[in-house]
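Biologist: Hi, could you walk me through this one? I'd like to start with the basics and then jump around a bit.

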Amino acid sequence: MADNMELRDIEVWDGNMAASQALRQVQVDVVAAYPITPSTPIVENYGNFSANGYVDGEFVMTESEHGAMSCCIGASAAGGRVATATSSQGFALMVETLYSASGMRLPIILNVVNRAIGAPLNVNGDHSDMYMGRDSGWIQLDAYCPQDAYDLNFIAFKVAEDHDVRLPAMVHQDGFMTSHTAQGVHTMTDEQGFSFVGEFQPMNDMLDLDHPVTHGVQTEEDWHFEHKARQQHALMTAVLPKIQTAFDDFEKLTGRKYNLVETYNMEDAEVAVVCLGTSVETAVEVMNEMRAAGLKAGVVGIRVFRPWPLEQLAEVLKNVKAVAALDRSSPHGTVGALYNEIAGTLFNTETKAVLTNYIYGLGGRDLTKAHLKTIYGDLKANADAGKPTTPLQQYIGLRGPKLSFF
Amino acid sequence: MSEIKKIKNLKEFSTSADRFEGANLLCPGCAHSIIVREVLNATNDDLILAASTGCLEVCTAVYPYTSWDASWIHIGFENGSSAVAGAEAMYKALKNKGRLKQPDRKPKFVAFGGDGATYDIGFQWISGCFERGHDMMYVCLDNEVYANTGGQRSSSTPIGSSTTTAPAGRTSYGEKKNKKDMLAIMAAHGAPYVAQVSPSKWKDMVAKIQKGFAAEGPVFINAISPCTTEWKFAPEDTIAMTDLATDSLVFPLYEIINGTELNITYRPKNIVPVRDYLGAQGRFKHLFTKQYEYLIDEWQVRVDNEWARLQRREEARV
């Protein structure tokens with residue numbers, strides 16, 4: 001029996017500690033992990049809990065991230081609560097097994113501390129790893145600060161392990177900017193945290209020795225399509241309502257409210273910035289200044305990146321005249337992922353907003369308030385003109401000559 | 001520790017409770033199914049199994065069918081070991097937390113992989129599992145080639161074998177590199193038990209599998225698995241081929257306990273020339289030409305030297 005840990009109502013935690021504490025409180029049965037900057041402290045903290053009796057599950061330090069997720073898959077199929085953490089190159093090494101985990105319908109929780117992907121090698125935060133996971137069949141929740149990183153872990157377990165869902169989930173936070181920045185985090189007691197998620201309910205568990213099961217079968221053109229369709233059906237129909245219910249329950253328990261799409265002054269906004277992660281807070285600050293200067297500005301934060309909240313986002317953006325999609329990942333050969341998603345979201349609607357794309361912050365480059373002011377300036381010009389006044393894709397915060405496309 | 005199953009004779013052994021069904025898609029004459037049945041039938045305990053991508057996997061779990069009457073998992077080519085290690089970790093966690101559904105039954109954890117999955121692509125994962133000391137058995141079905149994908153060389157492919165990626169031709173005798181000594185590598189992990197087995201020497205094999213199941217910690221079994229398709233011999237000659245492999249000492253049967261104590265477990269009464277082993281298989285056909293015949297003599301010298309080395313190690317107990 002693991003010992004309880006006495007927590008203050010507000011603890012000063014960075015995003016990594018917030019995630020580690022959530023894993024401890026839900027009493028994960030198996031954590032199999034491999035350390036990588038900047039997610040390493042999640043694993044170190046957890047190891048520390050394990051060494052001091054605060055965890056009574058198994059803690060397996062593997063030889064690689066691929067091995068870590070492989071062990072997680074075996075452990076999850078055996079029938080219990082499973083989680084791990086990674087970043088960047090480690091995430092890339094895991095990718096093969098990410099598809100296995102979702103295809104085998106195993107509710108594993110992966111904390112991804114977002115970091116750039118080399119070459120050139122870079123340890124700082126951008127969203128390249130997060131975007132790499134977007135076709136993998138996982139639920140992807142996005143934290144903007146340590147408090148979110150704590151709270152969204154509970155939401156992730158609750159939704160992923162639901163027998164109507166049975167899909168793995170990632171909780172993303174920005175490398176260093178969230179993972180290593182200590183802030184006040186409102187806590188739950190161990191009892192509250194565990195009860196919110198509840199006891200793990202196994203399904204098709206290999207360790208039920210009276211009911212042998214075969215996991216990870218072969219299917220060819222006769223059945224593969226149907227399997228993938230079933231997986232997509234669950235992801236597209238079950239997940240968003242379950243997340244909404246979990247958000248509602250969580251608000252009742254803690255008073256903290258999350259939404260599938262987070263909005264800031266969007267009720268009457270004419271121009272809007274859409275972004276992810278820590279950039280949301282920066283954008284909100286600048287948006288308030290732009291409001292004070294008379295611009296009807298708003299901010300949209302994507303809270304659930306997969307499954308994509310298409311209907312909710314279309315509703316939020318329906319009255320805007322100009323939208324900027326901010327992508328913290330090099331799209332390499334096309335427009336940014338958020339630009340594409342938003343374009344797809346709005347295309348068949350009455351909304352005729354001008355949509356432009358900004359690539360920013362690669363490899364941990366700061367997104368400054370000045371950058372956002374420039375973006376809002378562009379948006380105002382676009383809204384007034386009713387058409388793009390800038391190239392569709394611009395790089396901001398880049399040294400040297402201006403870079404833009406389309 | 002659970003009681004070791006008593007096996008009196010081959011008839012009883014071959015007809016004991018079968019958790020691997022004959023209904024599978026393996027080639028007629030494939031040794032994989034014989035090896036798997038011998039491993040599974042060596043115990044009455046519950047089993048949690050894994051397989052790496054390969055012949056065994058694609059031939060036994062094609063949806064909506066399964067040949068496995070024990071829990072079984074496949075993830076990918078390289079990670080059958082980690083799959084079963086993860087399941088073993090979950091077993092320990094649930095035991096510790098009192099959440100096992102059948103708390104009085106202790107299953108055995110076994111992963112199967114071909115030589116491609118073992119010697120090559122899955123090597124790192126296996127090494128990790130052994131270093132961490134999971135209580136599991138890893139069985140390599142060693143047919144010395146990527147058979148599932150049509151006969152490409154692996155690091156288990158022996159010198160002179162013709163494969164699709166190291167073919168024999170006018171200027172090449174096929175594979176240039178000697179087979180990797182996997183057993184020595186696994187023994188060097190400090191594993192409590194590693195052994196080479198042949199399905200035709202079934203008493204020796206069962207004894208080793210049972211020793212492996214009785215050991216605490218990771219156990220490595222390397223099983224010779226003649227491949228009728230890629231070694232190019234008639235399907236009815238599979239067992240004869242395993243006999244040629246062990247009796248020519250090309251595939252000696254021995255075990256290493258705790259990384260140091262080496263015991264030779266089978267000494268053929270009449271040692272067969274390596275030439276006879278090579279001559280029985282189409283993959284070595286080109287060696288029986290004037291151009292490449294010297295390789296057969298080199299083979300014999302290599303096998304003799306290795307046999308002498310094993311005997312020295314057995315005597316030295318190091």
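Modeller: Sure, one term to begin with: helices (H or I, at least four residues) and strands (E, at least two) are DSSP runs, numbered from the N terminus. By that reading, chain A has 12 helices and 17 strands. Keep in mind that this is a predicted model, where local features need pLDDT of at least 70, side-chain atom pairs count only at pLDDT 80 or more, and totals for chains, interfaces and linings use all residues. Residues are numbered from 1 along each chain as its sequence is written, and chains are lettered from A and ligands numbered from 1 in the order in which they are written.

Biologist: What is the radius of gyration of chain A, and how does that sit with the globule rule?

Modeller: The radius of gyration, taken over C-alpha atoms, is set against a globule rule of 2.2 Å times the number of residues to the power 0.38. Chain A comes out at 21 Å, close to the 22 Å the rule gives for 406 residues, so it is as compact as a globular protein of that length. Its C-alpha trace spans about 70 × 55 × 45 Å along the principal axes.

Biologist: OK, domains. Where are the bounds in chain A?

Modeller: Domain 1 covers 10–254 and domain 2 covers 263–405; such bounds come from an automatic or database domain assignment. The C-alpha centres of the two domains of chain A are 29 Å apart.

Biologist: How many residues of each are in contact?

Modeller: In chain A, 27 residues of domain 1 are in contact with 20 residues of domain 2, contact being C-beta atoms, placed from the backbone, within 7 Å. On the domain 1 side, H5 (128–132), S6 (139–142) and H8 (224–254) of chain A each supply at least two residues. H8(A) gives the largest share, five residues.

Biologist: What sheet do the strands S10 to S17 of chain A make?

Modeller: An open one of seven strands, in the order S10-S12-S11-S14-S15-S16-S17 (chain A), with mixed pairing. S10 (261–264) and S17 (404–405) of chain A are at the edges with a single partner strand each, so one side of each has no neighbour in the sheet. Two strands count as paired if DSSP finds at least two bridges between them. S11 (271–275) and S14 (322–327) of chain A, for instance, pair in the parallel sense over four bridges, and Ala272(A) has Val323(A) in S14(A) as its bridge partner.

Biologist: Switching to chain B. How many residues are in contact there?

Modeller: 39 residues of chain A are in contact with 42 residues of chain B. On the chain A side, H3(A) brings the largest share, 11 residues. There are also two bridges joining S9(A) to S2 (71–73) of chain B, and those strands run parallel. His215(A) stands opposite Ile73(B) there.

Biologist: Last one: is Met170(A) buried or exposed?

Modeller: Buried means 20 or more other C-beta atoms within 10 Å of a residue's own, exposed 12 or fewer, partly exposed in between, with C-beta atoms placed from the backbone. Met170(A) has 28 such neighbours inside 10 Å, so it counts as buried.

Biologist: And which residues is Met170(A) in contact with?

Modeller: Met170(A) is in S7 (169–174) of chain A. Leaving aside neighbours within four places in sequence, its contacts include Leu110(A), Val112(A), Trp138(A) and Leu141(A).

Terms used: Contact = placed C-beta atoms within 7 Å.
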